[in-house]
Amino acid sequence: METLPFIIGIIGNIISVLMFLAPVGTFRRIVQNKSTEDFDSLPYICTLLNSSLWTYYGIIKPGSYLVSTVNGFGVIVETIYIALFLKFADKKMRKNTGILAGILNVGILATILLLAQFILYGEMRINIIGFLSTCLNIIMYSSPLGVMKTVVRSKSVEFMPFLLSFFFFLNGGVWTLYALLVSDWFLGVPNGIGWFLGAVQLVIYVIYRSPNSSVEDLEQGDQTERLLPPSSTPTLQ
């Protein structure tokens with residue numbers, strides 16, 4: 001029985017990697033144009049915080065190395081995204097990005113990790129880090145709700161990238177199954193929500209997709225979609 005969770009976890013890792021790499025097209029455009037244009041750095045800053053917490057959770061919880069490895073990869077990728085943002089953003093955006101990254105990814109993250117490491121112990125440490133990671137994950141998975149509202153209002157999926165929605169659906173489903181197999185509700189709750197919201201996105205995509213549209217055309221929406229609403233405070237598992 002232990003083999004099945006391992007296999008499902010490996011599949012989840014592969015899908016999570018694809019999710020982390022989904023914004024590559026956006027950053028290819030940023031590098032080519034040498035400008036961040038109107039793109040928002042907040043999603044990547046928040047995802048870095050989320051991935052960092054999940055990495056720590058996977059390290060401190062016995063048998064959760066599959067969680068720590070994939071989110072460790074996410075930490076590296078999101079750090080690269082933020083570095084590119086800082087390199088190509090205008091002065092105002094660079095300043096805002098630097099401040100946000102400093103507060104969330106240095107200040108808040110360091111505070112949480114130090115408190116967890118030196119004040120909390122055993123199951124209490126695991127539970128608190130798991131709870132915080134779960135909250136951030138739920139916010140991350142809820143982030144496309146604004147885009148779905150736009151799709152329904154405009155009756156166009158132009159700004160709902162198909163692949164990102166598809167990977168949200170797959171990622172949530174696989175990690176929910178993994179969580180059930182290893183009895184980890186911290187993983188199960190947010191990813192169950194992510195699976196459901198991913199399914200809703202795919203249904204909306206099918207309903208409003210133009211028969212003449214191609215997946216490639218719709219993927220251009222990834223260039224302008226904000227993964228998190230500007231007012232949100234987040235994210236991956």
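**Exercise 1. Find which helix gives the nonpolar patch its largest share.**

Helix α1 (residues 3–21) supplies that share, with six residues. Helices here are DSSP runs of H or I with at least four residues, numbered from the N terminus. This is a predicted model, where local features need pLDDT of at least 70 and side-chain atom pairs count only at pLDDT 80 or more, while totals for chains, interfaces and linings use all residues. Residues are numbered from 1 along each chain as its sequence is written, and side-chain values use heavy atoms, without hydrogens and water.

**Exercise 2. List the patch members and place I10.**

Step 1. The surface patch is formed by F6, I7, I10, I11, I14, L18 and Y65. Together they have about 600 Å² of accessible area (Shrake-Rupley method, 1.4 Å probe).
Step 2. Patch residues have over 30% relative accessible area and no salt bridge, and nonpolar side chains are joined within 5 Å. A salt bridge would be a side-chain nitrogen of Lys or Arg within 4 Å of a carboxyl oxygen of Asp or Glu.
Step 3. I10 lies in helix α1. I10 is partly exposed, because its relative accessibility is 33% (buried is under 20%, exposed over 50%, partly exposed in between).

**Exercise 3. Classify C46 and C135, then count disulfides.**

Step 1. C46 has a relative accessible area of 2%, so it is buried.
Step 2. C135 is at 31%, so it is partly exposed.
Step 3. A disulfide needs two cysteine sulfur atoms within 2.5 Å. The count is zero.

**Exercise 4. Compute helix content for residues 39–59 and 98–120.**

Step 1. Residues 39–59 are 86% helix and 0% strand, with end C-alpha atoms 33 Å apart.
Step 2. Residues 98–120 are 91% helix and 0% strand, with end C-alpha atoms 30 Å apart.

Notes: Buried means under 20% relative accessible area, exposed over 50%, partly exposed in between (1.4 Å probe, protein chains only). Helices (H or I, at least four residues) and strands (E, at least two) are DSSP runs, numbered from the N terminus. Patches are made of residues with over 30% relative accessible area and no salt bridge: like charges are joined within 9 Å, nonpolar side chains (Val, Leu, Ile, Met, Phe, Trp, Tyr) within 5 Å.
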